[in-house]
Amino acid sequence: MMADSRRVEVHAGREVVVDFDPSLTFECVDDCTWCCQHGVLLYEQDFFALAEHADLADATTDFRGEDFVRKEEKDREDHVGEDGQACYFLRDDGLCSLHLEHDWKPARCSVFPLAVTVEDGDIHVDIRDSAHEHCEGLDVSERKVIDNLDAFLPEVLWELDDPASDREL
């Protein structure tokens, strides 16, 4: 555990160990879409909620026994990863159709740019290593991550057998 790690209650009775600088701020910035360039893991609750907003046969794929939002080729080169693909729900204008049209997004989308790990039964949160290189929203606002953890970490994480965030499509 890092020397500056601290326990923070995120939801009533639900704590995490924070392993990042408490002064860190984050706010999504226009046209970044870096987080949309990875496959989005769908927890069971997300999978059923997504069924209310989209055709699962079109929008999802199974990879190694887990459900993910499908990635697809996109017209805008500035919105795709190295493989030329991005999230099925990423629109040409760089916005998420799920979030805009339904005011909902999968838990894994909320978690970005955080990384979730489990150590000795505790949920630990840190900033993804790759976010330091690619995420343009770090340290550009006054919104401290540590003060807004409930927006990043949905309660469902505490109900999962494995909330770790290191699984990608």
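Me: Which residue in strand 2 is the bridge partner of Arg6?
Reply: A quick word first: this is a predicted model, where local features need pLDDT of at least 70 and side-chain atom pairs count only at pLDDT 80 or more, while totals for chains, interfaces and linings use all residues. Residues are numbered from 1 along each chain as its sequence is written, and side-chain values use heavy atoms, leaving out hydrogens and water. Now look at strand 1, residues 6-11, and strand 2, residues 14-18, which run antiparallel (strands are DSSP runs of E, at least two residues, and helices are H or I runs of at least four, numbered from the N terminus). Across from Arg6, the partner in strand 2 is Val18.

Me: How many bridges join strand 1 to strand 2?
Reply: Strands count as paired if DSSP finds at least two bridges between them. Strand 1 and strand 2 run antiparallel, and the bridges joining them number five.

Me: Which residue takes a positive phi in the hairpin of strand 1 and strand 2?
Reply: Go to the turn of this hairpin, where two residues sit between the strands. The one with a phi near 75 degrees is Gly13.

Me: In which sense do strand 2 and strand 9 pair, parallel or antiparallel?
Reply: Strand 2 has a second partner to look at, strand 9, which covers residues 122-127. One matched pair here is Val17 with His124 in strand 9. Two bridges link strand 2 to strand 9, and the sense is parallel.

Me: Which residue in strand 5 does Val40 stand opposite?
Reply: Strand 3 is residues 40-41, and it pairs with strand 5, residues 66-69. That pairing is antiparallel and has two bridges. Facing Val40 from strand 5 you'll find Val69.

Me: How many bridges join strand 4 to strand 5?
Reply: Strand 4 takes in residues 60-63 and runs antiparallel to strand 5. In that pairing, Thr60 has Val69 as its bridge partner. Val69 also stands opposite Val40. For strand 4 and strand 5, the bridge count is four.

Me: Which residue has a positive phi in the hairpin of strand 4 and strand 5?
Reply: Two residues lie between the strands of this hairpin. With a phi near 50 degrees, the residue you want is Arg64.

Me: Is Lys71 buried or exposed?
Reply: Find Lys71 in strand 6, residues 71-73. Its relative accessible area is 15%. Under 20% is buried, over 50% is exposed and in between is partly exposed, with a 1.4 Å probe and protein chains only. So Lys71 is buried.

Me: Which residue's side chain joins that of Lys71 in a polar contact of 2.8 Å?
Reply: A polar contact is a pair of N or O atoms within 3.5 Å; within protein, one must be able to donate a hydrogen and the other to accept it, and residues adjacent in sequence count only if both atoms are side-chain atoms. The side chain of Lys71 has a polar atom 3.3 Å from the backbone oxygen of Gln37. The side-chain partner at 2.8 Å is Asp83.

Me: Which residue's backbone oxygen lies 3.3 Å from a polar atom of the Arg128 side chain?
Reply: Arg128 sits in the loop between strand 9 and helix 5, residues 129-134. Arg128 is buried, because its relative accessible area is 8%. Leaving aside residues up to four places away in sequence, Arg128 touches (heavy atoms within 4.5 Å) several residues, including Trp34, Phe112 and Glu168. The backbone oxygen at 3.3 Å belongs to Ser165.
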